[in-house]
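Colleague: I'm new to this one and would like a close look at a single part. Could you walk me through the loops with unusual backbone geometry, and set them in context?

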Amino acid sequence: MNLAFVLALLVQNVHQVGEVFDAATRDRMRQRELYLSEKMAQLLLEIEQKNMEQSRAGRRALLPAVLQSWKVWAAVCLLVLLVWVVRKLHQKYQRMKKSSGKEGSGSEEEEEEKEDFEGLLHAGIQPPVNDLAHKCRAMHCLVSKLLNSCRILLSDSFYPVPQPPIGVGSAYEGWCPREDDPVFCLLVPLTAPRGHTFHLELGTARELPARNSRIRVELECTCRTEEETGVLCFLHNTEDRLGKQPPSLLHTLCTGGYLDAEKIARWFPVLIQDAWRRMPESARCRINVQPCSRSCRLHVIDGFNRIFIIEMMFGVRQHRTDIFLSSHKIEGIVIPSTTWPQSCAVAEAKFFRHIAAHAREDSFHLRCMQVWACLLVGDNISVYEVKTAVMHLLTVFPMEHWRARHFLQRMHDILWYLRCCLEERSLEHFLIGNEAVPAEIILPRDFRVSRPLNLFQRLEQEPDNHVRAECELDELPDQFTRLLISQQWQTSTCPQTSFS
Ligand SMILES: [Zn+2]
């Protein structure tokens, strides 16, 4: 190329000086110019041919090495595939062996969850980072095993019996605003011990969800099974005889004949610690149990020194529905220890599972929810109200309209829906009086037939809060735009969130 440049320069110079010389000299110079041009073209052709030959020779030389490398990689892939197939077959065989040899030892799903947990704690390779679903399963599995151990400890007593936990809240619904630091909320259903029954009293305030609910504990006659179980009937035995067996629930975790949430919250950590010591996992990771007034908080520290926070609430299922009377607190209200407010957490988590079952893997509905939850600031619109709006819209737009390409439109729709609700001061509770709730969410009859509950009713009496709520909503589009530009959501509040 340098040669071509020099020749081009010469040719240009010939033109510039040509006017100074006579006609014969100009002819000679023109011939010289033609000669140099031909020479240049020839040189360029030779260089090109030389390069092509070298390239062909190089490819010929490289081909055997590439072929050899390809064969090696194919062999490695085949070997890996073979190991994977053998491992899966072995796991399947182990599961079949366990399920056939041990009655009631747990379903295949439980076994998979167990593997998840084992994998999280002991994997030789780096465990998946920020894989929220994986962590949710692992924590669910850990608490399931812990509660199983508790049931064994409680088998000779008359304390409430903890059943397998149910994942609730943002982490288990899949839209956790802080994926790097989630709280794994699990509701622990409690059933009555032998010789006892729970009677749910939903209060008289005619409100839904009922806040003033209580759980009355009654004794039932067990005379018929006395010989078989060795458990004396609490109703038809003398005090002296009953003194030989542990006291009834009425004498331990009740107040005035009603189940006491605070007494349960004090009793449960002791039980958990005792159960944990008997679990093999206790040799490999640690737990710190932090009692709370109406729940139990666990800090699980795994083999990688990571801390997982688990919040366990207690609940009693309301007549085979997905509504529970739960020990959860109501923000801003002090409630008596024997009060168990109605909780929709299990039904709502079930709704998100129902949606996930009908959505494509690349659905963005959870991302929509997550981004608005991340951006929400102020106290006048709650995350729960945004979630309610999203749940309504999930029953309006078909699931194929929640894909990545609809993301901006759906984000706009959620905001628009909330703005309309604010203007009308009316946002209906998703589960009460809503015919669009899928049939597989099992609700008490009064939930189905009641008039919809207005979550924005408070704004009717609070005009100042209404104005502030509108201002908060008006700020959201700008924040969203800034978020899209800065991409902050990928690293800080909403890690792992990606629009691409
Ligand atoms: Zn009896």
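Modeller: Here is a short tour of those loops, with some background before and after. Keep in mind that this is a predicted model. The protein has 500 residues, 27% of them buried, and its secondary structure comes to 15 helices and 12 strands.

Let's start with the loop between β9 (296–301) and β10 (307–317), where Asn305 sits. Asn305 isn't a glycine, yet its phi is positive, at about 65°. That stands out because most residues other than glycine have a negative phi. Asn305 counts as exposed because it has 8 C-beta neighbours inside 10 Å, and 12 or fewer is the cut-off for that label.

Now go past β10, into the loop between β10 and β11 (324–326), and you'll find His319. His319 is not a glycine either, and its phi is positive too, about 45°. His319 has 9 C-beta neighbours inside 10 Å, so it counts as exposed.

Another oddity is in the loop between β4 (196–201) and β5 (214–219), which holds Pro209. The peptide bond joining Leu208 and Pro209 is cis, with omega at about -10°. Most peptide bonds are trans.

For contrast, look at Lys145 in helix α4 (residues 132–153). Lys145 counts as buried because 20 other C-beta atoms lie within 10 Å. Its C-alpha is 9.2 Å from that of Trp276, although the two are 131 residues apart in sequence. As for the protein as a whole, among contacts between residues at least 6 apart in sequence, 65% join residues at least 24 apart.

Technical notes. Residues are numbered from 1 along each chain as its sequence is written. This is a predicted model: local features need pLDDT of at least 70, side-chain atom pairs count only at pLDDT 80 or more; totals for chains, interfaces and linings use all residues. Helices (H or I, at least four residues) and strands (E, at least two) are DSSP runs, numbered from the N terminus. Two residues are in contact if their C-beta atoms, placed from the backbone, lie within 7 Å.
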